[in-house]
Amino acid sequence: INASGTVAQAQQSFQTQIDIYQSKNRIFYANSNPPSMPADISQLVTSIGGLDNAQQLHTHYQQRVLDNTNSPAQQIGLSPKDLASAYDINPLYNAGLQGQGQNIALLELDGYQPGDVQQYFNTYALPTPTIKNIQVDHFNGAAGQGSLESALDIEMAGSIAPRSTIYVYEGMSTTQGINNIYNRIVDDNKAQIVSLSWGLCEDSLGEAEVQTLNNIFTQGSLQGMSFFAASGDSGAYDCQDENLAVDSPASDPNVTGVGATTLQLDANDAYVGESVWSNPQNMIRGPKGAGSGGGLSKFFDQPSWQNAPGVQNEYSNGKREVPDVMSFGDMRVGFSVYCTVRNAGCPPGGWTKVGGTSVAAPFWAASFLLANQYVQSQQQNSVGLAN
């Protein structure tokens with residue numbers, strides 16, 4: 001239920017005080033004590049959002065600006081052709097399966113530059129996928145500081161499934177905004193595959209908000225939707241401090257958490273092997289270094305399907321384990337992205353190399369889209385919830 005009113009009305013309705021706070025260089029508003037409701041309706045309410053703008057989801061990528069100005073020949077990240085070779089996607093392409101008739105939804109908390117996306121597909125001589133933007137809560141769609149993530153997700157999904165339809169859901173990076181975007185994606189039910197590259201550690205979101213998202217993902221799973229979410233770039237310390245934590249929404253049992261690896265290829269771009277991405281010397285994502293997010297949820301019990309050898313280990317404590325699947329994301333390999341939005345950190349020449357679990361999530365989502373297309377071509381049902 002969405003409602004609007006004055007600050008005074010919100011304070012009176014929920015018996016709380018809303019104040020202005022400052023943390024380091026950031027100023028935000030928040031309620032000073034937990035909101036309360038009459039007992040006869042409080043049992044029907046999972047959470048109350050919109051009383052603060054303290055928490056903002058962040059992306060899960062790391063970037064390196066390439067030295068060239070505008071020549072794709074000088075790129076040092078992986079191209080669509082490299083990915084198709086490394087992960088053996090070419091047999092699907094050779095069978096004529098490129099995502100025709102399939103839809104994928106992307107959750108984005110910023111806009112993007114359409115010309116950048118078009119330039120990417122032109123460079124690699126790929127068909128441009130059908131892209132449909134859906135602005136939630138009157139979001140204006142302008143390309144801002146997070147637009148590199150949006151470009152990355154679209155270019156990755158389109159490079160793997162170039163003839164698919166990509167629904168780009170754009171909205172605000174607030175608790176209420178996030179919930180409305182998720183809810184819109186699920187209620188629209190336009191796409192069976194959803195890629196989620198934005199997240200926040202479970203502790204920062206809180207149990208009530210995590211449960212609210214779980215309700216939405218449960219509905220989506222019952223509709224046959226598959227959600228793929230980046231597991232974070234801070235290893236086992238997703239709150240970017242020295243406390244063990246995992247990322248939401250990757251920790252939700254109705255979501256497939258996607259981790260990142262270091263991919264090894266031979267001179268012909270053929271697959272050699274993978275190992276977990278870990279870089280303790282990179283402090284961009286926290287004091288414990290950078291690497292594929294993973295660990296144990298604090299809120300969700302371990303689902304019945306997490307019972308294979310190796311999954312049950314000395315660290316298991318009966319809680320949901322993250323991630324579920326992995327693919328390349330090490331910055332030292334990286335994925336080539338085209339983006340010219342300057343306030344997003346993109347270079348004038350456009351080409352930049354990106355790594356992190358934000359690379360792995362849309363790759364897995366688009367690959368799963370091709371899997372759905374294949375089984376449908378064999379007169380079989382879609383896979384549905386991947387987990």
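Trainee: How many helices and strands are in the protein?
Mentor: The protein has 10 helices and 20 strands, counted as DSSP runs numbered from the N terminus, with at least four residues for a helix (H or I) and at least two for a strand (E). This is a predicted model, where local features need pLDDT of at least 70, side-chain atom pairs count only at pLDDT 80 or more, and totals for chains, interfaces and linings use all residues. Residues are numbered from 1 along each chain as its sequence is written, and side-chain values use heavy atoms, leaving out hydrogens and water.

Trainee: What does the C-alpha trace span?
Mentor: About 65 × 50 × 45 Å along the principal axes of the protein.

Trainee: And what share of the residues is buried?
Mentor: 52% of the 387 residues. Buried means under 20% relative accessible area, with a 1.4 Å probe and protein chains only.

Trainee: Which residues touch the most other members of the largest nonpolar core?
Mentor: Leu83, Ile89, Ile104, Met156, Ile160, Phe328 and Phe335, in a core of 49 residues. A nonpolar core is a set of buried Ala, Val, Leu, Ile, Met, Phe, Trp, Tyr and Cys residues joined through side-chain atoms within 4.5 Å.

Trainee: Which helix gives the most to this core?
Mentor: Helix H10, residues 357–377, with nine residues.

Trainee: What does Ile89 touch?
Mentor: Leaving out residues up to four places away in sequence, Ile89 touches Leu83, Ala84, Ile160, Phe363, Ser367 and Leu370. Contact means heavy atoms within 4.5 Å.

Trainee: What lies apart from that core?
Mentor: Another core, of 30 residues, including Leu109, Trp198, Ile216 and Met225.

Notes. Buried means under 20% relative accessible area, exposed over 50%, partly exposed in between (1.4 Å probe, protein chains only).
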